[in-house]
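Student: Could you take me slowly through one part of this model, the loop region and what surrounds it? I would like to see how its residues are placed and what their side chains reach.

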Amino acid sequence: MKKLALFLCVSISFIGSFGQNLNSYTLQGSVVDSVNVPLPYTTVVILSNKDSSLINYAVSDGMGDFEIKNVKPNSYILQLSFMGYRTFSKQIKVEGATEII
């Protein structure tokens with residue numbers, strides 16, 4: 001099985017009001033492999049850092065792009081799964097406009 005060597009560019013950006021909770025963020029990014037080829041339909045999961053329970057998830061589109069809305073400021077485990085690759089996990093902290101590589 002291939003190692004999921006991801007160059008994951010994830011940026012967390014502030015969600016404007018529009019009736020949304022002002023203390024929530026949108027997690028956006030692109031999933032690519034080690035040679036920068038997009039990985040379409042990758043499962044992207046946010047898990048609780050405390051007990052690994054599911055917080056939210058998305059599936060990347062045909063170009064490997066994904067978006068998860070209404071993410072509260074906190075520490076999480078970001079987990080990516082793609083068939084034929086090992087699952088990739090990384091601890092992230094959602095707070096303000098941040099870029100996570």
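Tutor: This is a predicted model, and a good place to begin is Asp-33, which counts as buried because its relative accessibility is 10%, under the 20% that sets the limit for that word. Asp-33 sits in the loop that joins strand 2 (25-30) to strand 3 (43-48), and its side chain reaches the backbone nitrogen of Val-35 at 3.0 Å.

Further along, the loop between strand 2 and strand 3 also holds Tyr-41, which is exposed, with a relative accessible area of 58%. The backbone of Tyr-41 deserves a pause, since its phi is positive, about 60°, although Tyr-41 is not a glycine. Most residues other than glycine have a negative phi. Asn-70 can be set beside it, for Asn-70 is not a glycine and has a positive phi near 60°; Asn-70, however, is placed in strand 5 and is partly exposed, at a relative accessible area of 43%.

The loop that holds Tyr-41 is also met by a residue from elsewhere in the chain, namely Ser-60, which lies in the loop between strand 4 and strand 5. Ser-60 counts as buried, because its relative accessibility is 1%. A polar atom of the Ser-60 side chain lies 3.0 Å from the backbone nitrogen of Tyr-41, and the side chain of Ser-60 also reaches the backbone oxygen of Leu-39, at 3.1 Å. Once neighbours within four places in sequence are left aside, the contacts of Ser-60 are with Leu-39, Pro-40, Tyr-41, Thr-42, Asp-65 and Phe-66.

The strands on either side of the first loop also take part in the largest nonpolar core, which has 16 residues, and among these Leu-27, Val-44, Ile-46, Ile-68 and Val-71 touch the most other members. The elements that give two or more residues to this core are strand 2, strand 3, strand 5 (65-71), strand 6 (74-81) and strand 7 (88-94).

Finally, a word on confidence, which should guide how closely you read each part. The protein chain has a mean pLDDT of 79, with 73% of its residues at 70 or more; the highest confidence is in strand 4 (residues 54-59), at 96, and the lowest is in strand 1 (residues 9-14), at a mean of 43. Over residues 9-20 the pLDDT stays under 50, even though the model has 42 contacts beyond four places in sequence for them. Where pLDDT is low, the predicted coordinates should not be read in detail.

Notes. Residues numbered from 1 in each chain as written. Predicted model: local features only at pLDDT ≥ 70, side-chain atom pairs only at ≥ 80, totals over all residues. Heavy atoms only, no water. Helix = DSSP H or I, 4+ residues; strand = E, 2+ residues; numbered from the N terminus. Buried < 20%, exposed > 50% of the residue type's maximum accessible area, 1.4 Å probe, protein only. Polar contact = N/O pair within 3.5 Å; in protein donor to acceptor, adjacent residues only side chain to side chain. Core = buried A, V, L, I, M, F, W, Y, C linked by side-chain atoms within 4.5 Å. pLDDT = per-residue confidence, 0-100. Contact = heavy atoms within 4.5 Å.
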